[in-house]
Amino acid sequence: MIRYVYQLRDFRSWLRGFGKILKLPVIAGKIQIPRSMGEGYIMAANINSDISYVIMNFSLNDDLVFLRKKSSLYGLSLFFNQVTVSDFFVIREPHNSVTDKSPNQSNIFLSSTNYDLEVTYSRNSRLKRVGIFFSPSFVGRAIKKDILLDLLVYADNRLRNINKEPITFEYRQLLEDIFTADFQSPVTHLLLQNRVLMLAEKFLHTFLTKAPLLKETGGLKQKDKEKDLEALKDVERILSNNKLDKFPSIDMLSKTAMMSSTKLKTKFKQIYGMKLYEFYNRNRLEKAKEMLQTGKYSVKQVGLNIGFSNLSNFAKAFKKEFGILPKEILKGR
């Protein structure tokens, strides 16, 4: 078992500490995992003195434990997780723990560094994670007090937030850009910095869009508003399911959310900025793009897989969304 105990001050110093545990050098802000230990890489960089990030894309032949010790002056840690679990995944804090054997962990997790947090991955799990750390000085200086309070209240939910925020298509393209970046290019660090900041901006924008709904006076009680938000997240998860081959009926979605169809349509557009079908369609087209980029599938196979029986309609929808035809993705590989 590999165990790394640390206090998070910034991800560059975090990486140096992890390199010592692994007995591997950090070269140009990057650790390359040798075949004898596993496979892949970990890299970290500072955007400025207040914001740093880490990119993990690796697996190890041993169980891995990250134990983050609490700090008196605490910042905020935001992780975008796309992990393939070989056997088990465990996350625990002083008052709670979660054990999960689901093969795929895909979520966004915001935490504050004012409590111990231990994460364990079974050997040969594939970690694809992007983490962003906002320092205590940034949190105290740059975030407005009302927004900061909302963020801290949210982060204080701790493990209750573990699977609250799924990685939707809006995040997936940014993450794909990060994980497919050419590290030999002289401008890669600019691309990575840009995409990391866009991930943070997208998360905070979504958070700030939802937060006011919980503060509205009059009408629904606080618990009812929270219940509505959870119901909308259930609908979002259904529409984001990559195994979904057709758009569910509005009636089914309304029953899932326990809302009238009118309320569901109104609230969903208010929170997610698009209509239900528009959200579903963009998600499945992102899935199609990802499948084509692997080079393992034909245009016909991809179209049928995401629910298009008419390939002409698939090509038109794809070009409208991305500006190119599906076959051009295959040609460009």
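**Opening exercise.** Over the face of which residue does lysine 128 lie, and at what distance from the ring centre?

*Solution.* Lysine 128 lies over the face of phenylalanine 179, at 4.8 Å from the ring centre. The criterion is that NZ of Lys or CZ of Arg is within 6 Å of the ring centre and within 35 degrees of the ring normal. A second case is arginine 68, whose charged end sits over the ring of tyrosine 115, 5.4 Å from its centre.

**Conventions.** The model is predicted: local features need pLDDT of at least 70, side-chain atom pairs count only at pLDDT 80 or more, and totals for chains, interfaces and linings use all residues. Residues are numbered from 1 along each chain as its sequence is written, and side-chain values use heavy atoms, with hydrogens and water left out.

**Exercise 1.** Describe the order and pairing of the open sheet that 5 strands form.

*Solution.* Step 1: the strand order is 1-5-10-7-8, and the pairing is mixed. Strands (E, at least two residues) and helices (H or I, at least four) are DSSP runs, numbered from the N terminus. Two strands pair if DSSP finds at least two bridges between them.

Step 2: strand 1 (2-6) and strand 8 (96-100) are the edge strands, each pairing on one side only. On average, neighbouring strands of this sheet are turned by 10 degrees against each other, direction ignored. Such angles run from 0 to 180 degrees between N-to-C directions, the axes being lines fitted to C-alpha atoms, for helices over the stretch in contact.

Step 3: helix 1 (residues 11-22) packs on the sheet and touches strand 1 and strand 5. Contact means heavy atoms within 4.5 Å. The direction of helix 1 makes about 145 degrees with that of strand 1.

**Exercise 2.** Characterise strand 10 by its bridges and its burial.

*Solution.* Step 1: strand 10 (residues 117-121) runs antiparallel to strand 5 (residues 64-68), and 5 bridges join them. Among the bridge partners, leucine 64 is matched with tyrosine 121, and valine 65 with threonine 120.

Step 2: strand 7 also pairs with strand 10 in the antiparallel sense, over 4 bridges. Here the partner of arginine 92 is glutamate 118.

Step 3: 5 of the 5 residues of strand 10 are buried, so the strand is largely enclosed by the rest of the structure. Buried means under 20% relative accessible area, exposed over 50% and partly exposed in between (1.4 Å probe, protein chains only).

Step 4: in a regular strand the side chains alternate between the two faces of the sheet. In strand 10, Leu117, Val119 and Tyr121 are buried on one side, and Glu118 and Thr120 on the other.

**Exercise 3.** Classify two of the 22 aromatic pairs found in the whole structure.

*Solution.* Step 1: rings of Phe, Tyr and Trp (its six-membered ring) pair if their centres lie within 6.5 Å; planes under 30 degrees apart count as stacked, over 60 as edge-to-face and the rest as tilted.

Step 2: phenylalanine 89 and tyrosine 121 have ring centres 5.3 Å apart and planes at 40 degrees, so the pair is tilted. It links phenylalanine 89 in strand 7 (residues 89-93) to tyrosine 121 in strand 10, 32 residues apart. Both phenylalanine 89 and tyrosine 121 are buried.

Step 3: phenylalanine 247 and tyrosine 277 are edge-to-face, with 5.2 Å centre to centre and 75 degrees between the planes. Phenylalanine 247 lies in the loop between helix 6 (222-240) and helix 7 (250-257), and tyrosine 277 in helix 9 (residues 276-294), so the pair ties together parts that are 30 residues apart in sequence. Phenylalanine 247 is partly exposed at 25% relative accessibility, as is tyrosine 277 at 41%.

**Exercise 4.** Describe the surroundings of asparagine 161 and of lysine 275.

*Solution.* Step 1: asparagine 161 lies in the loop between helix 3 (145-155) and helix 4 (169-179), and is buried at a relative accessible area of 0%.

Step 2: a polar atom of the asparagine 161 side chain lies 2.6 Å from the backbone oxygen of tyrosine 154. Residues touched by asparagine 161, not counting those up to four places away in sequence, include Ile108, Phe109 and Leu110.

Step 3: lysine 275, in the loop between helix 8 (261-272) and helix 9, is exposed, with a relative accessible area of 56%. Leaving aside neighbours within four places in sequence, lysine 275 is in contact with Phe268 and Lys269.

Terms used:
Polar contact = N/O pair within 3.5 Å; in protein donor to acceptor, adjacent residues only side chain to side chain.
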